[in-house]
Amino acid sequence: MKTILEAKNLCKSFEGTVVLNDINFRVDEGEFIAIMGRSGSGKSTLLYSISGMDRPTSGNVLFCGKDISKLDDGKMSEVRLKHMGFIFQHSHLLKNLSIRDNIVLPGFKAGALSREEVNKYANSLMLKTGIDSVAGHDVKKVSGGQLQRAAICRALINKPDVLFGDEPTGALNSSTTREVMDIINSINGEGTTVIIVTHDAKVAARASRVIYLMDGNIHDELTLGKYEGDEKVKLSREKRLAEWLEKQGF
Ligand SMILES: Nc1ncnc2c1ncn2[C@@H]1O[C@H](COP(=O)(O)OP(=O)(O)O)[C@@H](O)[C@H]1O
Ligand SMILES: [Mg+2]
(Lines give C-alpha, C1' and ligand atoms only; values in the text may rest on other atoms or scores of the structure.)
(Ligands and ions follow the chains in the order given, each with its own letter.)
Protein backbone atom coordinates (compact mmCIF):
# COMPACT_ATOMS: atom_id res chain seq x y z
CA MET A 1 0.00 0.00 0.00
CA LYS A 2 1.18 3.50 -0.85
CA THR A 3 1.68 5.94 2.03
CA ILE A 4 -0.30 9.11 1.40
CA LEU A 5 0.41 11.00 4.60
CA GLU A 6 3.15 10.70 7.16
CA ALA A 7 3.84 12.62 10.36
CA LYS A 8 7.44 12.46 11.57
CA ASN A 9 8.36 13.59 15.07
CA LEU A 10 5.47 16.00 14.96
CA CYS A 11 5.36 18.43 17.88
CA LYS A 12 2.98 21.30 18.51
CA SER A 13 3.07 23.75 21.38
CA PHE A 14 1.02 26.83 22.12
CA GLU A 15 2.98 29.45 24.07
CA GLY A 16 5.21 26.79 25.60
CA THR A 17 2.42 24.36 26.40
CA VAL A 18 3.05 21.07 24.63
CA VAL A 19 -0.08 19.69 22.96
CA LEU A 20 1.45 17.18 20.55
CA ASN A 21 4.65 15.50 21.61
CA ASP A 22 6.63 13.57 19.00
CA ILE A 23 3.84 12.04 16.97
CA ASN A 24 4.80 9.51 14.32
CA PHE A 25 2.26 7.87 12.12
CA ARG A 26 1.54 6.88 8.57
CA VAL A 27 -1.67 6.76 6.60
CA ASP A 28 -1.98 4.55 3.56
CA GLU A 29 -3.94 5.48 0.48
CA GLY A 30 -7.58 4.41 0.89
CA GLU A 31 -7.53 4.12 4.67
CA PHE A 32 -10.25 5.60 6.85
CA ILE A 33 -8.75 6.88 10.08
CA ALA A 34 -10.75 8.01 13.10
CA ILE A 35 -8.89 10.09 15.69
CA MET A 36 -10.32 9.77 19.19
CA GLY A 37 -9.34 10.95 22.65
CA ARG A 38 -10.76 13.04 25.46
CA SER A 39 -11.73 16.63 24.98
CA GLY A 40 -8.59 18.77 24.93
CA SER A 41 -6.31 15.83 24.06
CA GLY A 42 -5.17 17.55 20.86
CA LYS A 43 -7.31 15.84 18.21
CA SER A 44 -8.13 19.01 16.30
CA THR A 45 -4.57 20.25 16.68
CA LEU A 46 -3.30 17.00 15.15
CA LEU A 47 -5.80 17.18 12.29
CA TYR A 48 -4.87 20.80 11.55
CA SER A 49 -1.14 20.06 11.75
CA ILE A 50 -1.27 17.16 9.29
CA SER A 51 -3.57 18.96 6.86
CA GLY A 52 -1.63 22.18 6.56
CA MET A 53 -4.32 24.25 8.26
CA ASP A 54 -1.73 24.93 10.92
CA ARG A 55 2.00 24.37 11.13
CA PRO A 56 3.79 22.00 13.50
CA THR A 57 6.20 23.59 15.98
CA SER A 58 8.73 20.98 14.88
CA GLY A 59 8.78 17.78 12.88
CA ASN A 60 7.61 17.04 9.36
CA VAL A 61 4.45 16.21 7.51
CA LEU A 62 4.83 14.36 4.23
CA PHE A 63 1.83 14.52 1.92
CA CYS A 64 2.11 12.32 -1.19
CA GLY A 65 5.83 12.10 -0.40
CA LYS A 66 6.31 15.88 -0.27
CA ASP A 67 7.20 17.76 2.91
CA ILE A 68 4.38 20.27 3.34
CA SER A 69 5.34 21.47 6.82
CA LYS A 70 7.51 24.26 5.53
CA LEU A 71 5.59 25.43 2.46
CA ASP A 72 4.76 29.13 2.34
CA ASP A 73 1.12 30.11 2.89
CA GLY A 74 0.35 30.47 -0.82
CA LYS A 75 1.73 27.06 -1.79
CA MET A 76 0.05 25.50 1.22
CA SER A 77 -3.37 26.84 0.35
CA GLU A 78 -2.92 25.57 -3.20
CA VAL A 79 -2.17 22.04 -1.90
CA ARG A 80 -5.23 22.27 0.33
CA LEU A 81 -7.48 23.54 -2.45
CA LYS A 82 -6.43 20.96 -5.03
CA HIS A 83 -5.62 17.86 -3.00
CA MET A 84 -7.51 18.04 0.29
CA GLY A 85 -11.14 18.37 1.28
CA PHE A 86 -12.35 19.63 4.67
CA ILE A 87 -15.57 19.27 6.62
CA PHE A 88 -16.29 20.60 10.08
CA GLN A 89 -18.93 20.35 12.78
CA HIS A 90 -20.53 23.51 11.48
CA SER A 91 -20.20 23.87 7.77
CA HIS A 92 -18.46 26.99 6.58
CA LEU A 93 -20.77 27.66 3.66
CA LEU A 94 -21.23 31.19 2.39
CA LYS A 95 -24.54 32.75 3.27
CA ASN A 96 -26.56 34.45 0.52
CA LEU A 97 -25.25 31.92 -1.97
CA SER A 98 -27.15 28.89 -3.16
CA ILE A 99 -26.12 25.35 -2.25
CA ARG A 100 -24.92 24.83 -5.83
CA ASP A 101 -22.84 28.04 -5.90
CA ASN A 102 -21.16 27.08 -2.63
CA ILE A 103 -20.23 23.70 -4.06
CA VAL A 104 -18.86 24.88 -7.41
CA LEU A 105 -16.88 27.83 -6.03
CA PRO A 106 -13.70 25.91 -5.02
CA GLY A 107 -13.90 24.08 -8.34
CA PHE A 108 -13.87 27.35 -10.27
CA LYS A 109 -11.05 28.62 -8.03
CA ALA A 110 -8.87 25.55 -8.65
CA GLY A 111 -9.34 25.94 -12.40
CA ALA A 112 -8.40 22.34 -13.22
CA LEU A 113 -11.72 21.79 -15.03
CA SER A 114 -13.86 24.06 -17.18
CA ARG A 115 -16.86 25.71 -15.51
CA GLU A 116 -19.12 23.39 -17.43
CA GLU A 117 -17.27 20.31 -16.17
CA VAL A 118 -17.31 21.62 -12.58
CA ASN A 119 -21.07 22.21 -12.84
CA LYS A 120 -21.57 18.72 -14.19
CA TYR A 121 -19.50 17.15 -11.44
CA ALA A 122 -21.34 19.22 -8.79
CA ASN A 123 -24.63 17.87 -10.14
CA SER A 124 -23.42 14.29 -9.85
CA LEU A 125 -22.20 14.90 -6.28
CA MET A 126 -25.51 16.48 -5.28
CA LEU A 127 -27.40 13.58 -6.82
CA LYS A 128 -25.19 11.06 -5.02
CA THR A 129 -25.66 12.78 -1.65
CA GLY A 130 -29.38 13.37 -2.18
CA ILE A 131 -29.43 17.17 -2.20
CA ASP A 132 -30.09 17.73 -5.91
CA SER A 133 -33.60 18.93 -5.11
CA VAL A 134 -32.27 21.83 -2.99
CA ALA A 135 -29.41 22.82 -5.33
CA GLY A 136 -30.89 26.27 -5.95
CA HIS A 137 -31.84 26.92 -2.34
CA ASP A 138 -30.18 29.50 -0.16
CA VAL A 139 -27.99 27.85 2.52
CA LYS A 140 -30.18 29.39 5.21
CA LYS A 141 -33.22 27.52 3.88
CA VAL A 142 -32.05 23.91 4.15
CA SER A 143 -31.81 21.43 7.04
CA GLY A 144 -28.65 20.71 9.03
CA GLY A 145 -28.27 17.35 7.33
CA GLN A 146 -28.63 18.89 3.88
CA LEU A 147 -26.12 21.57 4.82
CA GLN A 148 -23.58 18.95 5.89
CA ARG A 149 -24.12 17.01 2.65
CA ALA A 150 -23.52 20.23 0.75
CA ALA A 151 -20.32 20.74 2.74
CA ILE A 152 -19.24 17.23 1.73
CA CYS A 153 -19.96 17.97 -1.95
CA ARG A 154 -17.98 21.20 -1.65
CA ALA A 155 -15.09 19.34 -0.03
CA LEU A 156 -15.14 16.78 -2.86
CA ILE A 157 -15.49 19.11 -5.83
CA ASN A 158 -11.75 19.03 -6.63
CA LYS A 159 -11.52 15.24 -6.18
CA PRO A 160 -9.23 15.45 -3.15
CA ASP A 161 -6.73 12.74 -2.25
CA VAL A 162 -7.72 13.05 1.41
CA LEU A 163 -10.98 14.13 3.02
CA PHE A 164 -10.40 15.59 6.51
CA GLY A 165 -13.20 16.07 9.01
CA ASP A 166 -13.25 17.63 12.47
CA GLU A 167 -16.31 16.25 14.28
CA PRO A 168 -18.25 16.23 10.99
CA THR A 169 -21.34 14.73 12.64
CA GLY A 170 -21.00 16.63 15.92
CA ALA A 171 -24.04 18.80 15.23
CA LEU A 172 -26.26 16.11 13.69
CA ASN A 173 -28.86 13.83 15.25
CA SER A 174 -28.29 10.08 15.15
CA SER A 175 -30.28 9.29 12.01
CA THR A 176 -28.68 12.15 10.04
CA THR A 177 -25.30 11.04 11.39
CA ARG A 178 -25.91 7.58 9.90
CA GLU A 179 -26.87 9.06 6.55
CA VAL A 180 -23.84 11.35 6.41
CA MET A 181 -21.54 8.52 7.50
CA ASP A 182 -22.98 6.23 4.82
CA ILE A 183 -21.91 8.89 2.31
CA ILE A 184 -18.43 9.17 3.83
CA ASN A 185 -18.01 5.38 3.85
CA SER A 186 -19.10 5.26 0.23
CA ILE A 187 -16.60 7.99 -0.76
CA ASN A 188 -13.91 6.03 1.09
CA GLY A 189 -15.03 2.85 -0.67
CA GLU A 190 -14.38 4.59 -3.98
CA GLY A 191 -10.78 5.20 -2.94
CA THR A 192 -10.63 8.58 -1.18
CA THR A 193 -8.58 8.47 2.00
CA VAL A 194 -10.58 9.77 4.99
CA ILE A 195 -9.24 11.15 8.27
CA ILE A 196 -11.76 12.38 10.82
CA VAL A 197 -11.81 13.43 14.44
CA THR A 198 -14.82 12.15 16.34
CA HIS A 199 -15.95 11.51 19.91
CA ASP A 200 -18.79 9.30 18.64
CA ALA A 201 -17.87 5.60 18.92
CA LYS A 202 -20.54 4.62 16.38
CA VAL A 203 -18.91 6.96 13.86
CA ALA A 204 -15.39 5.74 14.68
CA ALA A 205 -16.51 2.11 14.28
CA ARG A 206 -16.89 2.83 10.57
CA ALA A 207 -13.18 3.62 10.23
CA SER A 208 -10.60 1.07 9.14
CA ARG A 209 -8.26 2.23 11.91
CA VAL A 210 -8.82 4.18 15.12
CA ILE A 211 -6.10 6.22 16.79
CA TYR A 212 -6.30 7.21 20.45
CA LEU A 213 -4.60 10.39 21.57
CA MET A 214 -3.46 10.86 25.16
CA ASP A 215 -0.86 13.08 26.80
CA GLY A 216 0.20 14.55 23.48
CA ASN A 217 0.88 11.25 21.81
CA ILE A 218 -0.75 8.29 20.11
CA HIS A 219 -1.48 6.09 23.07
CA ASP A 220 -2.84 3.15 21.09
CA GLU A 221 -4.47 2.23 17.82
CA LEU A 222 -7.05 -0.32 16.77
CA THR A 223 -7.31 -1.80 13.31
CA LEU A 224 -10.89 -2.61 12.37
CA GLY A 225 -10.37 -3.25 8.68
CA LYS A 226 -12.50 -2.27 5.74
CA TYR A 227 -16.06 -1.30 6.59
CA GLU A 228 -18.97 -3.25 5.16
CA GLY A 229 -22.53 -2.11 5.69
CA ASP A 230 -23.66 -5.49 7.12
CA GLU A 231 -25.59 -4.92 10.39
CA LYS A 232 -24.13 -7.91 12.28
CA VAL A 233 -20.54 -7.05 11.38
CA LYS A 234 -21.27 -3.43 12.28
CA LEU A 235 -22.38 -4.45 15.77
CA SER A 236 -19.30 -6.61 16.33
CA ARG A 237 -17.04 -3.71 15.23
CA GLU A 238 -18.87 -1.39 17.63
CA LYS A 239 -18.42 -3.93 20.42
CA ARG A 240 -14.69 -4.34 19.73
CA LEU A 241 -14.23 -0.59 19.66
CA ALA A 242 -16.25 -0.06 22.85
CA GLU A 243 -14.07 -2.59 24.72
CA TRP A 244 -10.90 -1.02 23.39
CA LEU A 245 -12.09 2.50 24.29
CA GLU A 246 -12.88 1.35 27.82
CA LYS A 247 -9.32 0.08 28.08
CA GLN A 248 -8.08 3.53 27.05
CA GLY A 249 -10.16 5.07 29.84
CA PHE A 250 -12.39 6.95 27.39
N1 LIG B 1 -4.76 28.21 18.94
C2 LIG B 1 -4.53 27.78 20.18
N3 LIG B 1 -3.90 28.55 21.10
C4 LIG B 1 -3.65 28.11 22.35
N5 LIG B 1 -4.00 26.89 22.80
C6 LIG B 1 -4.62 26.06 21.94
C7 LIG B 1 -4.93 26.46 20.59
N8 LIG B 1 -5.55 25.42 19.97
C9 LIG B 1 -5.64 24.44 20.89
N10 LIG B 1 -5.08 24.81 22.07
C11 LIG B 1 -4.98 23.97 23.27
O12 LIG B 1 -4.49 22.71 22.89
C13 LIG B 1 -5.14 21.67 23.61
C14 LIG B 1 -5.75 20.69 22.62
O15 LIG B 1 -6.79 21.33 21.92
P16 LIG B 1 -7.60 20.63 20.75
O17 LIG B 1 -6.65 20.13 19.75
O18 LIG B 1 -8.65 21.58 20.29
O19 LIG B 1 -8.26 19.39 21.52
P20 LIG B 1 -9.44 18.41 21.09
O21 LIG B 1 -9.76 18.65 19.67
O22 LIG B 1 -8.91 17.04 21.37
O23 LIG B 1 -10.58 18.72 22.02
C24 LIG B 1 -6.16 22.35 24.51
O25 LIG B 1 -5.60 22.46 25.80
C26 LIG B 1 -6.35 23.70 23.88
O27 LIG B 1 -6.69 24.65 24.84
MG1 LIG C 1 -11.46 19.38 18.71
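The legends below describe close-up views of a predicted model.

**View 1. Helix 8 and its buried side.** Helix 8 covers residues 231-248, and its end C-alpha atoms are 26 Å apart, in agreement with the 26 Å expected for 18 residues at 1.5 Å a residue. The buried residues of this helix are K234, R237, E238, L241, W244, L245 and Q248. They cover an arc of only 130 degrees around the axis, which puts them on the same side of helix 8. Elements covering these buried residues include strand 3 (32-36), helix 7 (201-204), strand 9 (209-214) and strand 10 (217-223). On the other side of the helix, K232, L235, K239, E246 and K247 are exposed.

**View 2. The two ends of helix 8.** At the N-terminal end, D230 acts as a cap, with a side-chain oxygen 3.2 Å from the backbone nitrogen of K232. After the helix comes G249, which has a positive phi, near 85 degrees.

**View 3. A salt bridge within helix 8.** E243 and K239 form a salt bridge, with their closest N and O atoms 3.6 Å apart. The two residues are four apart in helix 8, so about one helical turn separates them. E243 is partly exposed at 47% relative accessible area, whereas K239 is exposed at 55%.

**View 4. Salt bridge between R209 and E221.** The closest N and O atoms of R209 and E221 lie 3.1 Å apart, forming a salt bridge. This pair links distant parts of the chain, with R209 in strand 9 and E221 in strand 10, 12 residues apart. R209 counts as buried at 9% relative accessibility, while E221 is partly exposed with a relative accessible area of 34%. Together with E31, R209 and E221 are linked in a network of salt bridges.

**View 5. Salt bridge between D73 and R55.** In this pair the closest N and O atoms are 2.6 Å apart. D73 lies in helix 2 and R55 in the loop between helix 1 (43-50) and strand 4 (58-63), so the salt bridge ties together parts that are 18 residues apart in sequence. D73 counts as exposed, at 58% relative accessibility, and R55 as partly exposed, at 30%.

**View 6. Helix 3 and its surroundings.** Within helix 3 (residues 99-110), the buried residues are I99, N102, I103, V104, P106, G107 and A110. Their cover includes helix 2 (73-83), helix 4 (115-128) and helix 5 (144-156). G111 follows the helix with a positive phi, near 70 degrees.

**View 7. Cysteines C11 and C64.** C11 counts as buried at 18% relative accessibility, and C64 as partly exposed at 43%. The whole structure contains zero disulfides.

Note on methods: Residues are numbered from 1 along each chain as its sequence is written. Chains are lettered from A and ligands numbered from 1 in the order in which they are written. This is a predicted model: local features need pLDDT of at least 70, side-chain atom pairs count only at pLDDT 80 or more; totals for chains, interfaces and linings use all residues. Side-chain values use heavy atoms; hydrogens and water are left out. The expected span of a helix is 1.5 Å times one less than its number of residues. Buried means under 20% relative accessible area, exposed over 50%, partly exposed in between (1.4 Å probe, protein chains only). The arc is that of the directions from the helix axis to the C-beta atoms. Contact means heavy atoms within 4.5 Å. A polar contact is a pair of N or O atoms within 3.5 Å; within protein, one must be able to donate a hydrogen and the other to accept it, and residues adjacent in sequence count only if both atoms are side-chain atoms. A disulfide is a pair of cysteine sulfur atoms within 2.5 Å. A salt bridge is a side-chain nitrogen of Lys or Arg within 4 Å of a carboxyl oxygen of Asp or Glu.
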